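Trainee: I'm new to this one, so please pick a single part and take me through it slowly. I'd like to see how the pieces around it hang together.

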Amino acid sequence: MESEIEEIAKKIEKGERLSLEEGLRLYDAPLLTIGELAKKVKERLHGKKVYYVYNQHINYSNICKNLCKFCAFGKPKGDPQGFTLTLEEIEQKIKARLDEPIKEIHIVGSVQPDLPFDYYVELIKLVHSLRPEAIIKAYTITEIAHFTEISGKNTEQVLRILKEAGVQVLPGGGAEIFAQRVRQKICPRKISGEKWLNIAQIAHRSGIPTNCTMLFGHIETKKERLEHLIALRELQDETKGFICFIPLCFHPQNTKLSHLPGPSGVDILKTMAISRIMLDNIPHIKAYWVMLTPKLAQVALNFGADDLDGTIIEEKITHMAEAQSPQALTRAELESLIRETGYKPIERDTFFREIN
Ligand code: V47
């Protein structure tokens with residue numbers, strides 16, 4: 001076993017690509033060994049830089065037709081905890097923070113049964129008109145698939161309309177685990193993994209880069225995780241459209257999978273590191289502090305992650321699943337988390353362009 005890991009380590013040091021079997025074997029290596037390897041890969045790419053973004057999240061609705069079993073955010077129509085923001089309410093949320101130097105607005109919701117396609121387009125136009133300098137990262141691939149259904153337009157047309165309205169990047173959500181076996185059990189109404197990848201491909205070809213994610217630590221096997229990573233890597237070889245990968249650790253509370261324990265700290269850090277090592281063509285790996293907690297996200301910077309995401313301010317998806325993290329971090333808090341690890345904090349925009 002040790003010599004096998006040594007062989008894999010040599011390949012990583014030479015910058016060679018790992019196979020699914022090699023990725024799987026890495027899970028059996030000691031945590032700190034994998035961490036060191038991932039850290040080398042990350043520092044080869046980014047040196048001592050660790051990024052963060054000054055951003056704002058807007059969740060326009062949580063009323064959802066899909067009701068995935070891993071999700072505590074989505075609510076059925078008529079549920080007392082359900083909400084849908086009017087455009088006026090969204091306007092207020094944006095206006096309330098116009099004095100802050102926000103560089104990115106992250107807008108996602110649910111597969112909402114009643115809103116017309118026009119709402120989604122007008123929402124983007126509104127945000128863009130109020131904050132023309134901020135980059136709008138809006139609507140997951142799952143939402144894009146829904147828009148094609150309600151508008152009767154194809155994916156290219158939907159994306160073109162959204163791009164003209166002001167969308168510059170799609171966030172990485174909705175990917176979950178691509179394996180159909182898992183999707184049938186945890187999100188049977190959601191689009192297939194194949195469809196998710198197909199829409200990502202169309203977005204990239206239409207000049208809209210995206211992020212990508214993997215929701216792990218529920219019922220998936222390690223092999224299914226590796227298959228997921230390799231599917232992303234293969235698409236990236238073709239399109240180069242993924243900016244950042246975000247491993248999302250499952251939060252079971254308040255979900256239909258609340259009997260599951262969720263991933264352990266070791267599993268989270270190993271998955272972060274293995275993601276960095278396997279995804280040799282995706283530039284950035286995000287330690288999303290909202291899901292990890294700021295403390296574990298800070299540790300993850302030594303396990304391959306080069307980004308902490310951002311200031312956030314108001315997050316609902318993880319907090320409805322009882323996340324223990326705060327609602328917001330200030331720029332000073334993010335910078336101090338990064339500095340303490342020996343890395344250099346760099347403020348970025350959505351495309352990872354540095355901000356002075
Ligand atoms: O698609 C839902 C996941 C995603 C739970 O692109 C859960 O920069 C854990 O994708 N436990 C949404 N995860 C969040 C997301 C994201 C977040 C930050 C930045 C970016 C980006 C993307 O959260 C969903 C789903 O995969 N999720 N419920 C849960 N209980």
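Mentor: Let's start at Cys68, which counts as buried because 24 C-beta neighbours sit inside 10 Å. (Buried here takes 20 or more other C-beta atoms within 10 Å of the residue's own, exposed takes 12 or fewer, partly exposed is in between, and C-beta atoms are placed from the backbone.) Before we go on, bear in mind that this is a predicted model: local features need pLDDT of at least 70, side-chain atom pairs count only at pLDDT 80 or more, and totals for chains, interfaces and linings use all residues. Residue numbers run from 1 along each chain as its sequence is written.

Where does Cys68 lie? It's in the loop that links strand E2 (55-59) with helix H4 (87-95). (Helices, H or I with at least four residues, and strands, E with at least two, are DSSP runs numbered from the N terminus.) Leaving out residues up to four places away in sequence, Cys68 touches Gly74, Ile186, Cys187 and Lys190. (Contact means that the C-beta atoms, placed from the backbone, lie within 7 Å.)

Now for what the record says. An unreviewed UniProt entry puts the feature "binding site" at Cys64, Cys68 and Cys71. (UniProt positions follow the numbering used here, feature names are shortened, and annotations may be inferred rather than shown by experiment.) Cys71 also belongs to the loop between E2 and H4, and Cys71 is buried, with 25 other C-beta atoms within 10 Å.

The unreviewed UniProt entry also has a "binding site" annotation covering Phe70 and Glu176. These two span 107 residues in sequence, yet their C-alpha atoms are no more than 9.6 Å apart, so they gather at one spot. Take Phe70 to begin with: it lies in the loop between E2 and H4. Phe70 is buried, with 24 other C-beta atoms within 10 Å. Setting aside residues up to four places away in sequence, Phe70 touches Ile186, Cys187, Leu215, His218, Phe250, Thr255 and Leu257.

Glu176 comes from another loop, the one between E5 and helix H8 (180-186). Glu176 counts as buried too, given its 26 C-beta neighbours inside 10 Å. Neighbours within four places in sequence aside, Glu176 is in contact with Arg183, Ile186, Cys187 and Leu215. If you look back over the contacts, Ile186 and Cys187 turn up for Cys68, for Phe70 and for Glu176.

Let's follow those loops back to the strands they leave from. E2 and E5 belong to an open sheet of four strands, in the order E2-E3-E4-E5, with parallel pairing. (Two strands pair if DSSP finds at least two bridges between them.) E2 and strand E5 (167-169) are the edge strands, each pairing on one side only. Neighbouring strands in this sheet are turned by 40° against each other on average, direction ignored. (Axes are lines fitted to C-alpha atoms, for helices over the stretch in contact, and angles run from 0 to 180 degrees between N-to-C directions.)

Now walk across the sheet. E2 is mostly covered, with four of its five residues buried. E2 pairs with strand E3 (residues 104-108) in the parallel sense over five bridges. Within that pairing, Asn55 has Glu104 as its bridge partner in E3, and His57 stands opposite His106. E2, H4 and E3 together make a right-handed β-α-β unit. (Right-handed means that, with the strands pointing away from the viewer, the path from the first strand over the helix to the second runs clockwise.)

Next in line, E3 and E4 pair in the parallel sense over four bridges. His106 has Lys137 as its bridge partner in E4. To get from E3 to E4 the chain goes through helix H5 (residues 117-130), and this β-α-β crossover is right-handed as well. Strand E4 (residues 135-138) is covered on both faces: Ile135 and Lys137 on one side, Ile136 and Ala138 on the other, are all buried. That picture goes with a general rule: in a regular strand, side chains alternate between the two faces of the sheet.

Finally, E4 pairs with E5 in the parallel sense over two bridges. Lys137 has Val169 as its bridge partner in E5. From E5 the chain runs on into the loop that holds Glu176, which brings us back to the spot where Glu176 and Phe70 gather.

Notes: Two residues are in contact if their C-beta atoms, placed from the backbone, lie within 7 Å.
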